[in-house]
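Student: Please take a close look at the paired charges in this model, and then follow the description into the binding site. A connected account would be preferable to a list.

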Amino acid sequence: VNPEISFSAVSEIARHMDAADPLAAYRDRFFAAEPELIYMDGNSLGRMPSAASEKLEHVLRYEWGERLIRSWGEEWYTLPQVLGDKIGALLGAAPGQMLVCDSTSINLYKLASAALRLNLGRRKIVTDRFNFPSDVYILQGIASQMGVGHRIELIDSRDGIHIEMDDLLGAIDEDTALVGLSHTVFKSGFLYDMEYVTRQAHRKGAFVLWDLSHSAGAVPAALDDWNVDFAVGCTYKYLNGGPGSPAFLYVRTDLQQQAESPIWGWFGEDSPFAFGLDYKPAPGVRRFLTGTPPILSMQALGSGLDLLEEAGIQEIRRKSIQLTQFMIDLFDAFLAPIGFELGSPREASRRGSHISIRHPQGYRINRALIDEMQVVPDFREPDNIRFGFAPLYTSFFDVVEAVRRTVLVVREERYSKYPPDRSPVT
Ligand SMILES: *Cc1c(COP(=O)(O)O)cnc(C)c1O
């Protein structure tokens, strides 16, 4: 088979799928400086919504430039709650339980500390080897600082892609204080059954803390209905908030009175502008705020959230599954025959919105894609090339092009001129 002919056939199919895609028009709502660029890294840094630059222009000139400190009272002060509630709507959380603040790592620290203090009689923390390293470090740090002998159990994967429910549930016992997991894991894209795991953890008396960083904006959730205790996640991935935009946190209403932030900052105090000297936590979720929020980043985030709300998270998930399924079909046809292995689940219900493909030369292939093929995926050790599918701007044609150019890199051995040494950021 001449691969070029096959690619022209699948390109044709992709063009039809794009023409029938109800979300196709959203692509034009994002800034695109290089129309030929196949951007497959929206799961690491989402594209910039065009509205974000207009909004920031207004924020700079009017809110900051003209209104100055008066803007705190006019809009800024309540942004952590206002934006938190918007994210809550995407994740099945009623208002009053989410905040936008700090980074994911810091929010994890605050909520994991709070959870462990609510369950002080217990000593075990359960997570998995697929969790984002920062999440594991944060848990290790808390265990060390609390100094009461918490131990962390890291569940292993049997196949490098999934976590077996039996292995996870077998580790959650009467001594387990907290189960902390990424809903969608960052390498393989494996997606936990959040409702089921939460219910099983509760049966043993453990709290759950979900990291939704790789889910928010691509995979829906029903945090309230599933009785989730705590959650965090970042906003610069599928929520398109921009580099370093602040993260979110969720604390279920009935836990808010007992749960306590380990960082007693003035923004989490009951009445910050009374300037009293004895800390009294704010009554609701606001007690998990720390200090002055980064307003420029928060205002940019609002534009990304508006787009998601308008498109509808169920529609986004539907297209995400179509995109990742299309990628797997193309993988089977074009990539498996030239030495790639699929590093992601084949079952749609068990995968998020990115697909990992594995190859012994993965690092160098990824370099060649970025440097000379105008394809931007990313690389995760030891051999994963990750393709992220952001349903608001990834087209089916992008998927074909990403695969076609990957095949070219391998067939023409374009990767061979790149050294295997890792650069500091991949
Ligand atoms: C992206 C990501 C983070 C990032 O944390 P920061 O504090 O924003 O650097 C943390 N955890 C997971 C699971 C992620 O995917």
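Tutor: Glu-372, Glu-412, Arg-414 and Lys-417 are joined in a network of salt bridges, each such bridge being a side-chain nitrogen of Lys or Arg within 4 Å of a carboxyl oxygen of Asp or Glu. The model is a predicted one, in which local features require pLDDT of at least 70 and side-chain atom pairs count only at pLDDT 80 or more, whereas totals for chains, interfaces and linings use all residues. Residues are numbered from 1 along each chain as its sequence is written, and side-chain values rest on heavy atoms, with hydrogens and water left out.

The structure holds 30 salt bridges. One of them links Asp-21 to Lys-319, with the closest N and O atoms 2.6 Å apart. Asp-21 belongs to the loop between helix 1 (3–19) and strand 1 (38–39), while Lys-319 sits in helix 10 (residues 313–335), so this pair ties together parts that are 298 residues apart in sequence. Here helices (H or I, at least four residues) and strands (E, at least two) are DSSP runs numbered from the N terminus. Both Asp-21 and Lys-319 are buried, that is, under 20% relative accessible area with a 1.4 Å probe and protein chains only; over 50% is exposed, and values in between are partly exposed.

A second pair connects Lys-86 with Asp-306, whose closest N and O atoms are 2.5 Å apart. Because Lys-86 lies in helix 4 (residues 79–90) and Asp-306 in helix 9, this bridge ties together parts that are 220 residues apart in sequence. Lys-86 counts as partly exposed because its relative accessibility is 26%, and Asp-306, at 38%, is likewise classed as partly exposed.

A third pair is made by Lys-110 and Asp-102, whose side chains meet at 2.6 Å, N to O. Lys-110 has 0% relative accessibility and therefore counts as buried; Asp-102 reaches 25% and therefore counts as partly exposed.

Turning to the binding site, the residues around the ligand (those with a heavy atom within 4 Å of it) include Ser-103, Thr-104, Ser-105, Phe-132, Asp-135, Ser-182, Asp-211, Ser-213, His-214, Cys-234, Tyr-236 and Lys-237. Two aspartates approach nitrogen atoms of the ligand through polar side-chain atoms: Asp-135 at 2.8 Å and Asp-211 at 3.0 Å. From Thr-104, a backbone N or O atom lies 3.4 Å from a ligand oxygen atom. Taken alone, the ligand exposes 390 Å², of which the protein buries 85%; accessible areas come from the Shrake-Rupley method with a 1.4 Å probe.

Cys-234, one of the residues around the ligand, leads to the question of cysteine pairing. A search of the whole structure finds 0 disulfides, a disulfide being a pair of cysteine sulfur atoms within 2.5 Å. Cys-101 takes part in no disulfide, and the cysteine sulfur nearest to its own, that of Cys-234, is 13 Å away. Cys-234 is likewise in no disulfide, its nearest cysteine sulfur being that of Cys-101. Cys-101 counts as buried because its relative accessibility is 4%, and Cys-234, at 1%, also counts as buried.

Definitions and conventions:
A polar contact is a pair of N or O atoms within 3.5 Å; within protein, one must be able to donate a hydrogen and the other to accept it, and residues adjacent in sequence count only if both atoms are side-chain atoms.
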